[in-house]
Amino acid sequence: GHITALVENNRGYENLVEMLSLANTEGFYKHPRIDFELLEKYKEGIIFLSGCLHSLIAHNCYKGEMEKALEYAGRFKDILGPENFYIEVMDHGIEEERLALKGLREVAQKTGLSLAATNDCHYEKKEDWFAHDVHICISTNSLLSDEKRMRMNTRELYFKSPQEMASLFSWAPESLSNTVKIAQRCYVEIKKDKIYLPDFSVPEAYYKDNTEKKDAQFAYLKDLCVKNLQSRPGKFSGVYRERLDFELSVIKKMGFASYFLIVSDFIKYARDHGIPVGPGRGSGAGSLVAYALEITKVDPIEHDLLFERFLNPDRASMPDLDIDFSDTGREKVIEYVKRKYGESNVANIITYGSIMAKTAIKDVGRVMGLSATQTLALTKLIPNGYTLAQAIEESQELKRLKEKPEYEKVFEVAPKIEGLRRHTGVHAAGVLITAMPVMKYVPLAVRDEVITTQYDGNILTELGLLKVDFLGLRTLSVIDEAIKEIKEKEPSFDIDKIPFDDKKTFELLCRGETVGVFQLESEGMRRLVKNLKPSVFPDISALVALYRPGPLQSGMVEHFVNRKHGKEKIVYDHPMLEPILKDTYGNIVYQEQVMEIAKKLAGFTPGEADKLRKAMGKKIMDVMEKEREHFVKGCVANDIPKKTADKIFGAM
């Protein structure tokens, strides 16, 4: 039977999270479920209502089984107490519900329990009932015209006003005042300013004179970095030492020493057990600490990579390292992590699929009986990544079709369906590691026999939890096999010592022979490689960065190719841009370049530059507009004309 649980305080939130986790992992039979024993154990801080027509009490009232209804009500009252358990009354104009209402009033009178009036909300406004009906058809793969399809037998499942509720429950005004009292009792504040990292043990020698754990971890981290850099010729002097000190100071201030130790530990496990690990990519490659710990094999100073893109000293948010393992070894590393931190402290991460613009049109059209040809006429006019509103705004043809009678209803309903959750899945790489069992922090679910979180990766990061992406790459397995074969003939072969200026390799790339080369093997990319004819390693990384919709559509790729081969003059909008954009022939290709421009031309702090980079990378329009003002103002203060500053911002 259903029951409504409302969290009154933070203790209740913690209890509900655990109860939901156990309902999914231990009590699952077609649906998640709990029993009275769990209710007794986790009741603190939660207010319960008896539930809808599918609840143990209302269902028996509707059937006229009053003894059973009273028995259940008494049991709930004994466990939860009369101040935390209410008889829930609803009226959606459904006959069965009205029959149950009479019995529910009787149960309340005989048990001394109070009534609480509620309305089941499946959509926001009354007129949304039709869009909801369409959504049911999409979920059940049926047509609106199907006689025997699943449908709601009421149009009252919307968010009702106080006046509408007062009119419905004029026979029990106390049920309305109780609803307000319950709402006023509920207050939960979920903190987002704390970081919860798993415990990492460091050698006993670091605990001197009652040293705090975090200080011992930091001292151990620092020693590891210094020792490892000193062992590499030329990597522990001047600029390296300065950068290491800066990164370590930020890591200490933000309390992330254990993060680096945790990641370094499982990567070391992989390498020690012959599991291929990628050299590092993403923002983590900008960290010298990560390089010193051999988390990455990319020297950030040699490649002009910025630490602030990885860790922003102005804003405490969990670092995010993308770590590649061979597809055959990934699971072994995750098993090691489970052994080290505890099976219950590790969980996969859920993903939510949303209904995007094209799918909304396709699904709504199908449900309404439109042919595939008719819906295709609409979807082909919607660019990838566009919302329906953006597509209609830009396409005159779409505007014209929208007015046609056969499409009118589709365009009325599709925007309401767009953005709704479509399905859940298991994140391909994301794994959560916690200090205590995962269900002490977030609720768990089971997807295809895999235990996952119920919150997605973005929320987990906001909550200060450690999310690690264990990516399984087939390329690494292929490279590993190749190394083994080479070593049979050349035992001294070391892949880490391959030169980055090998002539034959560049000749091979220029011929477009890149099938099987990571990120360079698609047909479009092979064409681009042949056009560009890379001659230095930075050309290759630029290709990977440029091969995405924005640069391809804006003509930036052609500029890059033409400028490299001298067919087009390299122009800088301001002399200060030359040292930043020289390697990319005057084009802004990398997010690091955006950050450097903001710092050098507009006087941004590293943290502010990172905020701008993030807004541009994620296309957060309102933040970008604010930052434009900030950028132009900073440039003008630096004697750069406003018009030039505006142009540079536009290019970024």
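**View 1. I498, a partly exposed isoleucine in a loop.** I498 has a relative accessible area of 40% in this predicted model, and because the buried class ends at 20% and the exposed class starts over 50%, I498 falls in between. Look for I498 in the loop that links α20 (474–489) to α21 (503–510). I498 also has company: together with I479 and I495, I498 makes a nonpolar surface patch of about 220 Å².

**View 2. Strand β10, mostly under cover.** Now follow β10, which spans residues 466–473. How many of its eight residues are buried? Six of them are, so the strand counts as mostly covered by the under-20% cut-off for burial. Two pairings involving β10 are worth picking out here. With β5 (residues 322–326), β10 runs parallel, and five bridges hold the pair together on the DSSP count. One spot to find is S326, whose bridge partner in β10 is L473. With β7 (residues 421–433), β10 pairs in the antiparallel sense, this time over four bridges. To find that pairing, go to G430 and look across to D469 in β10.

**View 3. F159, out in the open.** Is F159 buried or exposed? F159 counts as exposed, because its relative accessibility is 60% and the exposed class begins over 50%. F159 sits in the loop between α6 (129–140) and α7 (162–168). Leaving aside residues up to four places away in sequence, F159 touches C121, Y123 and E124. For a sense of scale, try spotting D494 as well: F159 and D494 are 335 residues apart in sequence, and their C-alpha atoms are 66 Å apart in space.

**View 4. An open sheet of four strands.** Reading across this sheet, the order is β1-β2-β3-β4, and the pairing is mixed. Which strands stand at the edges? They are β1 (4–7) and β4 (115–117); each has a single partner strand, so one side of each has no neighbour in the sheet. If the strands look skewed to you, here's the number: neighbouring strands in this sheet are turned by 35° against each other on average, ignoring direction.

**View 5. Zooming in on β3 and β4.** At this end of the strand order, β3 (residues 85–89) pairs with β4 in the parallel sense, over three bridges. A handy place to get your bearings is V89, which stands opposite A117 in β4.

Notes: Residues numbered from 1 in each chain as written. Predicted model: local features only at pLDDT ≥ 70, side-chain atom pairs only at ≥ 80, totals over all residues. Heavy atoms only, no water. Patch = residues over 30% accessible without salt bridge, like charges linked within 9 Å, V, L, I, M, F, W, Y side chains within 5 Å. Areas by Shrake-Rupley, 256 points an atom, 1.4 Å probe, with all protein chains shown as cover. Salt bridge = Lys/Arg side-chain N within 4 Å of Asp/Glu carboxyl O. Buried < 20%, exposed > 50% of the residue type's maximum accessible area, 1.4 Å probe, protein only. Pairing = 2+ DSSP bridges. Contact = heavy atoms within 4.5 Å. Axes fitted to C-alpha atoms, helices over the stretch in contact; angles between N-to-C directions.
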